[in-house]
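User: Got a minute to go through this one with me? I'd like to talk about the cysteines and the ligand site.

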Amino acid sequence: MKYISTRDNIKAVSGIEAIKSGMVPQGGLFIPKEIPAISHQQLDSWMNLSYTQLAQKIFQLFLADDFSEKEITQIVHQAYHKENFTTEEITPLTRLNDQLFLLELFHGPTGAFKDIALQALPLILSLIIKKLSINNQLLILVATSGDTGKAALEGFKNIPGIQIVVYFPFQKVSRVQEWQMLTTEGNNTHVIALEGNFDDCQNAVKQIFTDADFCRMLEKKGFEFSSANSINWGRLFPQIVYYFYAYLYLLRKKHIRHNETINFVVPTGNFGNILAAWYAKEMGLPIEKLICASNINKVLTDFFNSGVYDINRPLVTTISPSMDILISNNLERFLFEISGRQGEFIVKLMKDLREKGMFILEESLKNKMREIIFASFADETETLSTIKSVYHEYHYLVDPHTAVGIKVFTGYQRISTQKTKTVITATATPFKFNKAVLTALIGEVRDHKKEEFILLQKLSNYTDLPIPAMLRDLDKKPIKKQFICPKDKVQQCLLEILKIE
Ligand SMILES: *Cc1c(COP(=O)(O)O)cnc(C)c1O
């Protein structure tokens with residue numbers, strides 16, 4: 001498989017090149033030149049595969065030109081191993097009622113869905129380093145709204161030839177998320193608290209990537225950049241696997257018939273997770289609607305409903321912080337695909353976004369998107385009340401992001417005449433957001449610094465659920481000193497943390 005740019009500004013490159021670079025140096029994102037097609041027969045033949053076996057099939061589709069079958073087998077077995085995930089199913093499903101299922105994506109080492117791609121990507125990059133005999137250190141820059149950071153740090157820690165630097169928005173992630181990052185071990189892991197919001201973190205990374213002089217200077221010092229954000233295609237395709245897995249599970253358990261279409265609900269921030277679902281649909285998975293759920297930072301909801309993408313609004317910090325995003329990077333890939341792969345058109349939209357903070361789609365394109373995507377949002381009060389009602393009705397505890405998805409689905413159900421089976425991606429363990437979850441269950445809780453760990457215990461006692469292993473003794477681990485970086489000193493901070501003179 002070759003990879004092209006969403007802005008038509010490069011010749012097609014190999015998968016190795018696309019994943020190593022992370023993003024197109026001239027601007028733009030890599031996407032596969034062709035979208036592989038899976039026939040109904042092929043899909044049926046995959047019905048009894050384990051998660052790992054299915055991952056092997058799907059990884060093969062995207063990596064076969066660059067990696068041998070043996071190498072791919074090694075990657076999926078090492079990534080989706082029972083030492084890394086608390087269940088051999090990797091992404092088990094839970095039935096809530098006749099229509100609704102939850103796809104639990106939080107059984108990995110850091111308790112959020114990012115683990116699924118970030119257990120595989122470091123192994124892929126590590127092989128790439130060997131294949132290309134790269135002598136430089138690969139410098140992975142990651143912007144995080146909370147969950148990606150820890151998942152990337154865990155995935156990349158102690159991998160030879162790689163240094164990883166994570167930028168998170170100072171004081172804008174949950175206490176548990178912050179501690180998770182600052183307690184990461186490994187001799188190659190670095191964490192920076194940026195004075196700004198997530199969009200600032202994302203811009204900081206992009207700014208470094210596209211500053212040719214700075215890159216050249218670092219190259220002389222023996223560093224080469226890559227990205228572990230979902231702008232890297234290597235983050236996206238591993239996520240396609242669990243959409244197939246969910247469908248095949250429902251088929252195997254006879255909840256659906258052959259070729260029956262289902263919906264997926266995806267709590268969305270950077271548009272990465274839902275984009276993986278869209279690729280699954282394009283590959284032939286029988287999907288009816290993709291339901292895009294936002295919190296009150298509802299740029300995407302407004303976009304899908306009006307055709308106007310407008311970031312001229314304040315970014316609000318919410319109880320679902322991993323979705324506190326105004327610029328959804330992966331939308332660029334979706335717009336490229338839905339417009340019939342017109343690079344020039346994307347260049348124009350991105351120019352408008354940069355210069356005016358907005359772009360507008362014509363009516364016909366808007367309607368085309370809406371055939372596939374339904375978008376809505378949940379505010380803070382609705383999110384809290386959903387956590388509570390789901391807990392009381394089903395005795396199932398959801399995190400605030402998943403609750404946003406459930407609330408949006410309830411709204412969709414009211415206007416839809418069909419009873420299509422629906423899978424909601426449960427994107428994080430509720431214990432990562434215990435303050436919000438406890439507030440939902442028992443009302444206002446006090447928030448003192450270290451108290452979030454007392455809350456963890458409290459939530460466990462209240463629900464009779466064990467604290468997930470990855471969060472259990474977090475407060476007893478040695479913690480790195482906060483490295484706080486002003487927004488306008490991004491490059492200096494990077495040099496400082498890497499001890500580059
Ligand atoms: C990252 C994240 C999201 C948003 O996913 P995108 O791929 O950025 O759209 C939703 N929920 C949780 C818990 C996350 O960590």
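Analyst: Sure. A definition before we start: a pair of cysteine sulfur atoms within 2.5 Å is called a disulfide here. Keep in mind that this is a predicted model.

User: OK, how many disulfides does the structure hold?

Analyst: There's one disulfide in the structure.

User: Which cysteines form the disulfide, and how far apart are their sulfur atoms?

Analyst: C485 pairs with C493, and the sulfur atoms are 2.3 Å apart. The link between C485 and C493 is right-handed, with 100° about the S-S bond.

User: Is C485 buried or exposed? And what about C493, buried or exposed?

Analyst: C485 has 0% relative accessibility, so it counts as buried. C493 comes out at 5%, so that one counts as buried too. The cut-off for buried is under 20% relative accessible area.

User: Now C201. Why no bond from its sulfur?

Analyst: Because the closest cysteine sulfur, in C485, is 9.5 Å from the sulfur of C201, which is too far for a bond. C201 is buried, at 0% relative accessible area.

User: And C215, how far is its sulfur from the closest cysteine sulfur?

Analyst: That's 17 Å, again to C485, so it's too far for a bond. C215 has a relative accessible area of 16%, and therefore it is buried.

User: Switching to the ligand. How many residues surround the ligand, and which are the closest?

Analyst: The ligand has 15 residues around it, and the closest are K114, D147, G269, N270 and N273.

User: What's the mix by class in that shell?

Analyst: Five residues are nonpolar, eight are polar and two are charged.

User: Where do N270 and N273 come in?

Analyst: Through the backbone. A backbone N or O atom of N270 lies 2.7 Å from a ligand oxygen, and for N273 a backbone N or O atom is 2.9 Å from an oxygen of the ligand. As for side chains, S322 has a polar side-chain atom 3.5 Å from a ligand oxygen atom.

User: How much of the ligand does the protein bury?

Analyst: The protein buries 97% of the 380 Å² that the ligand exposes when taken alone.

User: And what sort of space does the ligand take?

Analyst: The space it takes is the largest cavity.

Terms used
Residues are numbered from 1 along each chain as its sequence is written. This is a predicted model: local features need pLDDT of at least 70, side-chain atom pairs count only at pLDDT 80 or more; totals for chains, interfaces and linings use all residues. Side-chain values use heavy atoms; hydrogens and water are left out. A residue is near a molecule or strand if one of its heavy atoms lies within 4 Å of it. A polar contact is a pair of N or O atoms within 3.5 Å; within protein, one must be able to donate a hydrogen and the other to accept it, and residues adjacent in sequence count only if both atoms are side-chain atoms. Accessible areas come from the Shrake-Rupley method with a 1.4 Å probe; for residues, only the protein chains shown count as cover. On a 1 Å grid over the protein atoms alone, a cavity is a set of points where a 1.4 Å probe fits but cannot get out, and a pocket is an open set with protein on both sides within 12 Å along at least five of seven lines; lining residues have an atom within 4 Å of a point. A molecule sits in a cavity or pocket if more than half of its atoms lie within 2 Å of its grid points. Ala, Val, Leu, Ile, Met, Phe, Trp, Tyr, Cys and Pro count as nonpolar, Asp, Glu, Lys and Arg as charged, and the others, Gly among them, as polar. Buried means under 20% relative accessible area, exposed over 50%, partly exposed in between (1.4 Å probe, protein chains only).
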